[in-house]
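Visitor: Please show me the model, and then take me through its interior.

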Amino acid sequence: MNTTTPGTYVLVHGAWHTGAELEAAASHLRAVGHTVHCPTLAGNRPGDDRACTGLEDAAQSLKTYIEEHNLNQVRLVGHSYGGMVISRVADLLPQRIARLVYVNAFVPQPGERLNDLVPPHYVALFNSIATQTGGGVMLPFPVWREALINDADLALATRAFEQLNVHPYKTFQDQIVLSQPMAAMAVPKSYVNCRMDTALPHSLGWHPRLSERLGLFRYAECSGNHEVWFTDPEAIAAAIERAGRD
């Protein structure tokens, strides 16, 4: 991995994850001199209330983390659902952020919900599961295996699935609060696209459908699926590093 001036990265996980699953990629960034944090958002911590935790709770937990650790000039990296969270935090703490980096992540417009950005069959699936569990959602293994970690072997897909946790569905249903569209925000932005990602059907894919909502942005890509954190952490770390450079 070629590097430039060391920077501070905060890697923000997606749904069903914690910061721990991003540590393998973080280690590659640290190896070339960067400072990297991998917090776990409210809603995905042990003991969190999966029925009541919403999108704003998750965003406020990230804001608090950045403030408590006195982080500045942050490269704020959001994966998947994490794109919703970093978008909100960019509105809350613009003075602390050097660049936003979206990794196959959702880019909302003001007032949108994550559920507005996924195909109807996912919403129907989530609604059904949340009704049965009292407000939490978990991916069925076949969806995980075929759509999210499609280029892994079965053994790795199974090990990775065992690390996931029930996600608070309210975070998918809540409207995001943004003072302006992401394209209007002055903070620099990047979008990393994993070319083998089929978590969203390519007819409603991540790039360019969502990336172009950033307005002016830097594009980076790598091979790999939606869960490249498990299958090739070195590759996603290199792509993030390219996307986060000054």
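The questions below deal with aromatic pairs and burial.

Guide: This is a predicted model, in which local features need pLDDT of at least 70, side-chain atom pairs count only at pLDDT 80 or more, and totals for chains, interfaces and linings use all residues. Residues are numbered from 1 along each chain as its sequence is written, and side-chain values use heavy atoms, with hydrogens and water left out.

Visitor: How many aromatic pairs are there?
Guide: Rings of Phe, Tyr and Trp (its six-membered ring) pair if their centres lie within 6.5 Å; planes under 30 degrees apart are stacked, over 60 edge-to-face, and the rest tilted. By this rule the count is twelve.

Visitor: What kind of pair do Phe126 and Tyr169 make?
Guide: The ring centres of Phe126 and Tyr169 are 6.1 Å apart. Their planes stand at 65 degrees, so the pair is edge-to-face.

Visitor: Is Phe126 buried or exposed?
Guide: Buried means under 20% relative accessible area, exposed over 50%, and partly exposed in between (1.4 Å probe, protein chains only). Phe126 has a relative accessible area of 5%, so this residue is buried.

Visitor: What kind of pair do Phe126 and Phe172 make?
Guide: The ring centres of Phe126 and Phe172 lie 5.3 Å apart. Phe172 is buried, at 2% relative accessibility. The planes of the two rings meet at 55 degrees, so the pair is tilted.

Visitor: Which residues form one aromatic cluster with Phe126?
Guide: Tyr169, a partner of Phe126 in an edge-to-face pair, is buried at 3% relative accessibility. The cluster joins Phe126 with Trp16, Tyr81, Tyr122, Tyr169 and Phe172.
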